[in-house]
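Visitor: I'd like a quick tour of this protein model, with some numbers I can check for myself. Could you show it to me first?

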Amino acid sequence: MQSLANLITVFEHEKLIFNPKDEKEKQLHDALEIYHGNQTPFFKLIRNGVQFNEHVGIIQIGKTTIEVLPKADKSGEDKWRKLLIGMIKTVWGFDVKSTGSSTLKLKSNSILELYFELFLSEVEYLLHRGLIKRYRKTEGNQNSLKGALQFSKHISQNLVHKERFYVKYTQYSNEHAIHEILFKTIKLLAQLNTNPVLKGRIGALSLNFPEMKDIKVTESTFDKIAFDRKNQHYQAALAIAKLLLLNYHPDISKGRNDVLALMFDMNSLWEQFILVTLKRKLKSHHVSSQVTKNFWKPNSGYSSKMRPDIILKCNDTEENFVLDTKWKNLNGYNPSPEDLRQMYVYHRFYQAKKVALIYPSDKHSIQKGNYYNSFNQGEMSEKECSIMQIATNYDIKIWQDNIALQIKEFLV
């Protein structure tokens with residue numbers, strides 16, 4: 001564990017112990033205990049501390065950031081920080097816009113800064129392009145009669161104000177839900193940011209973005225937004241806004257230990273990273289994910305299903321290849337019998353030519369193996385399962401090229 005000022009860095013599955021006699025550390029521990037009470041899946045409570053699991057990312061408490069990094073070999077934290085940021089950017093497909101004056105080059109040193117900077121660049125792009133307007137229904141008192149007079153409310157509110165009219169009318173303006181969400185996110189960034197480099201950009205956005213009313217944001221707020229040709233360029237900014245706003249938990253009792261958690265299941269991130277890489281790099285095969293098939297059905301009730309991570313179908317021969325990703329280091333051992341049995345079932349149910357388990361490692365290797373013949377234990381069957389270990393590399397482009405080359409070697 002490394003602690004520098006307001007940054008605490010740990011790796012997945014590590015323990016973080018706090019000194020109960022230190023007031024600042026005690027406050028952090030108390031805030032994590034309260035946050036854990038909200039059914040968080042990111043860590044478990046232990047004596048005087050917490051133990052993280054397979055989730056990685058950041059948890060910001062007040063002005064203190066706890067950074068949880070992945071780790072599959074003995075490399076240092078700088079490599080794993082760069083690797084994690086590169087994987088997130090790859091999986092979520094962030095295409096940072098240029099405002100036209102200069103090309104933005106992200107140099108974020110943490111996941112939190114990455115998201116802040118991505119959001120800022122997107123909103124700066126939207127302002128440069130021009131904010132869209134929408135028709136919205138407005139109701140209230142006006143000094144002139146426009147729209148439809150709401151007679152009952154007009155009588156009750158304007159009995160002594162003959163110069164006013166209570167009306168309902170349609171207004172064409174930039175005051176609508178999308179901009180209210182973005183404005184709320186800008187205000188949140190101003191509250192949470194501790195990076196002096198980003199402070200000026202957040203301040204400029206606060207001045208240049210039109211003032212909006214404060215709204216309560218929930219999951220349904222985003223569900224109600226319908227994207228069309230006019231507003232589709234808002235999608236990236238709204239995706240980041242959703243992530244930030246819905247994962248922010250204000251400390252109502254004391255107001256000092258607000259919590260923002262941006263955490264990712266490393267198993268899911270590894271699977272998605274391999275999937276996106278193959279879709280970009282492997283043009284000889286159709287790449288699909290999580291194709292579900294029925295496996296078993298009881299006399300009553302729901303069927304049991306199976307769903308491998310990735311299926312590759314050759315464009316020429318239509319042969320199937322099944323891949324399952326596992327984020328763990330084998331450390332020289334064989335895969336678990338459960339994983340090997342699972343791949344055997346995939347082999348049969350998906351009529352696969354080959355199947356493979358994919359692990360991260362500090363070096364490239366492909367170990368081929370065959371299943372025994374179920375009818376004659378003295379013979380090997382033609383069913384082949386490979387164990388593929390892929391060397392991690394913080395240079396994401398090189399890493400993706402190496403993954404594609406190794407998968408092509410497996411497919412031969």
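Visitor: Which residue of strand 5 does I17 stand opposite?

Guide: This is a predicted model, where local features need pLDDT of at least 70, side-chain atom pairs count only at pLDDT 80 or more, and totals for chains, interfaces and linings use all residues. Residues are numbered from 1 along each chain as its sequence is written, and side-chain values use heavy atoms, with hydrogens and water left out. Strand 3 and strand 5 (residues 49-52) pair in the antiparallel sense over 3 bridges; strands are DSSP runs of E, at least two residues, numbered from the N terminus, and two strands pair if DSSP finds at least two bridges between them. In that pairing, the partner opposite I17 is G49.

Visitor: Which strands stand at the edges of that sheet?

Guide: The sheet is open, with 3 strands in the order 3-5-4 and antiparallel pairing. Each edge strand has a single partner strand, so one side of it is left without a neighbour in the sheet. The edges are strand 3 (15-17) and strand 4 (43-46).

Visitor: At roughly what angle do helix 3 and helix 6 cross?

Guide: Helices are DSSP runs of H or I, at least four residues. Their axes are lines fitted to C-alpha atoms over the stretch in contact (heavy atoms within 4.5 Å), with angles from 0 to 180 degrees between N-to-C directions. The axes of helix 3 (residues 111-129) and helix 6 (residues 196-208) come within 11 Å and cross at roughly 35 degrees.

Visitor: Why is C314 not bonded to its closest cysteine?

Guide: A disulfide needs a pair of cysteine sulfur atoms within 2.5 Å, and by this rule the count is 0. The closest cysteine sulfur to that of C314 is in C385, which is too far for a bond, at 20 Å.

Visitor: Is C385 buried or exposed?

Guide: Buried means under 20% relative accessible area, exposed means over 50%, and partly exposed is in between (1.4 Å probe, protein chains only). C385 has a relative accessible area of 6%, so C385 is buried.

Visitor: Which residues is H285 in contact with, leaving aside its neighbours within four places in sequence?

Guide: H285 lies in strand 13 (residues 285-289). At 11% relative accessibility, H285 counts as buried. Its contacts beyond those sequence neighbours are L312, K313, C314, N315, F321 and L411.
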